[in-house]
Amino acid sequence: MERITIKTTPIDGQKPGTSGLRAKTRTYMAPHYLENFVASIWTAIGGVEGKTLVLGGDGRYFNDRAAQVILRMAAASGAAKVIVGQNAILSTPAASNLIRQRKADGGIILSASHNPGGIDDDFGVKFNAANGGPAPEKITDAIFAATKEIESYHIIETQDIDLSSTGMTELAGMQIEIVDPVADYVAMMEEIFDFKSLHDLFKTGFTMRFDAMHAVTGPYAKAIFEDRLGAQTGSVINATPLPDFGKGHPDPNPIWAKPLVDLVMSSDAPDFAAASDGDGDRNMILGRGIYVTPSDSLAVIAANAHLAPAYAEGLSGVARSMPTSSALDRVAEALGIDCYETPTGWKFFGNLLDAGRATLCGEESAGTGSDHVREKDGVWAVLMWLTILAKTRKSVADILADHWKTYGRNYYSRHDYEGVDKDDAIDLMDGLRRQLPNLAGHSFYGHTVAKADEFSYLDPVDGSEAEGQGIRVMFDDGARIVFRLSGTGTVGATLRVYLESYTHREDQLAWEPGRALSNIVAAADDIAGIKQRTGRNGPDVTT
Ligand code: VG1
Ligand code: CO
């Protein structure tokens, strides 16, 4: 066993995006790519000497190899200890929990989340700080700066460490603690929720289907829903994590989890269904005959959070990403609490959660979470819904209908144009930017623009600023269009168009979303010239 120093040169484009650095797996496997990035993380956080880190990932192709490299690099740079999930597996929320529980100095999560996995698909690495949350921009900027200057890195030359059973081991003086990836997480959920009342719900014959999409949540979901709460064996499907997610796209939405949506729309529908993504931080909620949009799910959870023991005393405040619908704002108003609007990406919620300004937060992209960790948490969101169902004994459809009656309804849809030429996408955004000063007062299909701007965020806790976070066109009737480019893709550009309209008229609460949004969709194309600039006739993915 020998500590060696390897000479290297900077690699272009190692800029962390919305959630870590994502790239094609083959890119990550190329000489020095992973090592350069990891060494740059060490540099950005002032080295790892004497520090304790958490390490784990969603089990996708190359997860196991990357974990070995990172352990050898941590040991070579003097880390005191790494706490690693068995077989290098940890869901993202479980990793966040471990960092906090063990008071670690930070952690590395190996995941490209909802992106497909496999040698020809995507891989990713993300650094989380000591609060358990994704590194804020101050740190990700420092990581990127370090990738541009790196000249060498240190690594131990050794055999692979056996990570297949729990316990303690050691590498060149660094302790390695291999932990059960599920146990601590289940213990935390038992503290937040009333498992007995959820168990009682299943005893009534309540049926559920959870699709783990061959990703990381399978073992977590089986342990909680089937083993602890008494859901029928087989309620959790696609429960075995696979390196290529069974060649699926582990993104819980009506496109990629279509079989589950088809099931709830059929005569065999269970009472409740849900799915999670590659790394276990996203969720999709379904009831018999109904798909719950993530923005509505967030609002319903906020309105009913007090039903779960951990939130019985109420919420200090709530937060949502800017493109998320304002359904949450209406709940916050009724509760008399603050509602913060942040840029896309969980890293912007960390300060609000740490400062106790927000208890609950969420994004339109199927992410919901609370201050129990510093990541969004798919299984937690499902338990929140089960709690609401257990305490109210209403159906998912009735819960939504009642919610809309009380607060009005924000119709919502997101249109994604994937693999767009990068320059075309940049031109489209520039074109929008140029129109901003002149849009107010113009009418499109009966909706008049009240205000148009480019969103920027001033963090109320540390005063940091984030600019260029999406173009917003707001109409005087509560409708809104947001345009932004994705920061998680690995090829070309993805244009995201977020569409929203609002009604409180009782005769309009049960429309098809397509009908409620058709004018807004047409307005978006008129304003941005999507068809003309991208050559696309319609979105690739609609959620
Ligand atoms: C997307 C979502 C964003 C989410 C991010 C990471 O980012 O829009 O809301 O936080 O993915 O989620 P973007 O930049 O592609 O729009 V995950 O589950 O992929 O960690
Ligand atoms: Co994810």
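In this predicted model, helix α2 meets helix α5 through Asn 36, Phe 37, Ser 40, Ile 41, Thr 43 and Ala 44 on the α2 side, and through Ile 139, Ala 142, Ile 143, Ala 146 and Thr 147 on the α5 side. Seven of the residues in this contact are nonpolar, four are polar and none is charged.

Two packed helices are described by the angle between their axes and the distance between the axes. For α2 (residues 33–44) and α5 (residues 137–147), the angle is about 125 degrees and the axes are 8 Å apart. The pair is therefore classed as oblique. The crossing of α2 and α5 is right-handed.

An unreviewed UniProt entry lists residues 14–153, 184–286 and 295–407 under "domain: Alpha-D-phosphohexomutase alpha/beta/alpha". Two of these spans are described in the table.

| Span | Helix | Strand | Distance between end C-alpha atoms |
|---|---|---|---|
| Residues 184–286 | 36% | 15% | 27 Å |
| Residues 295–407 | 45% | 16% | 13 Å |

Another local site is Ala 516, which lies in helix α16 (residues 513–528). Is Ala 516 buried or exposed? Ala 516 counts as buried, because it has 23 C-beta neighbours inside 10 Å, and the cut-off for a buried residue is 20 or more. Leaving aside residues up to four places away in sequence, Ala 516 touches Tyr 411, Ser 501 and Trp 511. The C-alpha atom of Ala 516 is separated by 8.9 Å from that of Tyr 412, a residue 104 residues apart from Ala 516 along the chain.

Technical notes
Residues numbered from 1 in each chain as written. Chains lettered and ligands numbered in written order. Predicted model: local features only at pLDDT ≥ 70, side-chain atom pairs only at ≥ 80, totals over all residues. UniProt positions renumbered as here; feature names shortened; annotations may be inferred. Helix = DSSP H or I, 4+ residues; strand = E, 2+ residues; numbered from the N terminus. Buried ≥ 20, exposed ≤ 12 C-beta atoms within 10 Å, placed from the backbone. Contact = placed C-beta atoms within 7 Å. Axes fitted to C-alpha atoms, helices over the stretch in contact; angles between N-to-C directions. Parallel < 35°, antiparallel > 145°, perpendicular 65-115°, else oblique. Left-handed = near helix turned anticlockwise from the far one by under 90°. Nonpolar A, V, L, I, M, F, W, Y, C, P; charged D, E, K, R; others polar.
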